[in-house]
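Q: Please take a close look at one part of this model: the place where its helices pack together. Walk me through the residues involved, then set that part in the context of the chain.

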Amino acid sequence: MKKFFTGAERFFGAMDRVAYVGAALSVGGMLFCVTLQVVARMTALTVNWTTELSQYCFLWGTTFASYIAARRGKLIGVELIQNMMPGAVRRVMKFFSWLTCGVFYGIVNYYCLIQLQRLMEQFTPILKWPMGMVYVVMMIGLLLLTVYSFYLAVRALLLTEKQEKREKTAEEIAEEVE
């Protein structure tokens, strides 16, 4: 079982790098577009595509940052009741919490996939990109969240608190990546 968790952590380490690059490119693209728009307004130039692209970059950056926040253990969660329960009950509650998150992300991704063909036939107003391209990038971030949530559900069910404390925390893993 230790090999499974070690392999999974290596896999998620690689996915962390993908998410960091995706978030960095998205935020960088958004900053570039906004800066270009400000400069264009000051010089009376028309650069109408920057607003639309900056909005898409914001969506993509948020999607990748959500996965990064989950890996660092920084997503909003209410654990008051879980922490009051004995070990076995706490593990089962964590399992169902993460399983519910994974199912939710999976359902959202599934319905995006169903709509993807129709979205590829629609085009963005200014850039004239297929709308599906906007959703594909978000689906990648959602897929990362889905897989990681299911992994945490399995981990919560299989590892006791003593075993879990010996493993690295999400924050320690994130610090290694940085």
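**Helix packing around the core**

A: In this predicted model, Leu144 touches Met15, Ala19, Phe64 and Tyr67, leaving aside residues up to four places away in sequence. Leu144 also belongs to the largest nonpolar core, which has 18 residues. Phe12, Ala19, Tyr67, Leu144, Tyr148 and Tyr151 are the residues with the most contacts inside that core. Three helices, α1 (2–42), α2 (49–72) and α5 (131–158), each supply at least two of its residues. Another core lies apart from this one. It has nine residues, among them Leu53, Tyr56, Val134 and Met138.

Now the pairing of α1 with α5. These two helices pack at an angle of about 155°, and their axes are 12 Å apart. Over 145 degrees counts as roughly antiparallel, and α1 and α5 are therefore roughly antiparallel to each other. Their crossing is left-handed.

Which residues meet there? On the α1 side they are Phe4, Phe5, Ala8, Glu9, Phe11, Phe12, Met15 and Ala19. On the α5 side they are Leu144, Val147, Tyr148, Tyr151, Val154, Arg155 and Leu158. By class, this contact has 13 nonpolar residues, no polar ones and two charged ones. Glu9 and Arg155 take part in the contact, and both residue types count as charged. In soluble globular proteins, nonpolar side chains tend to be buried together.

Next, the loops. Ala44 sits in the loop between α1 and α2. Its phi is near 65°, a positive value in a residue other than glycine. Ala44 is exposed, with a relative accessible area of 69%. Lys128 lies in the loop between α4 (87–121) and α5. Phi of Lys128 is also positive, near 60°, and again the residue is not glycine. Lys128 is exposed too, at a relative accessible area of 54%.

Finally, the chain as a whole. Its secondary structure comes to seven helices and zero strands. Along the sequence the pattern reads α-α-α-α-α-α-α. The chain has 178 residues, and 35% of them count as buried. Consider the contacts between residues at least 6 apart in sequence: 73% of these join residues at least 24 apart. Leu144 with Met15 is one of the pairs in contact.

Definitions and conventions:
Residues numbered from 1 in each chain as written. Predicted model: local features only at pLDDT ≥ 70, side-chain atom pairs only at ≥ 80, totals over all residues. Heavy atoms only, no water. Core = buried A, V, L, I, M, F, W, Y, C linked by side-chain atoms within 4.5 Å. Buried < 20%, exposed > 50% of the residue type's maximum accessible area, 1.4 Å probe, protein only. Helix = DSSP H or I, 4+ residues; strand = E, 2+ residues; numbered from the N terminus. Contact = heavy atoms within 4.5 Å. Axes fitted to C-alpha atoms, helices over the stretch in contact; angles between N-to-C directions. Parallel < 35°, antiparallel > 145°, perpendicular 65-115°, else oblique. Left-handed = near helix turned anticlockwise from the far one by under 90°.
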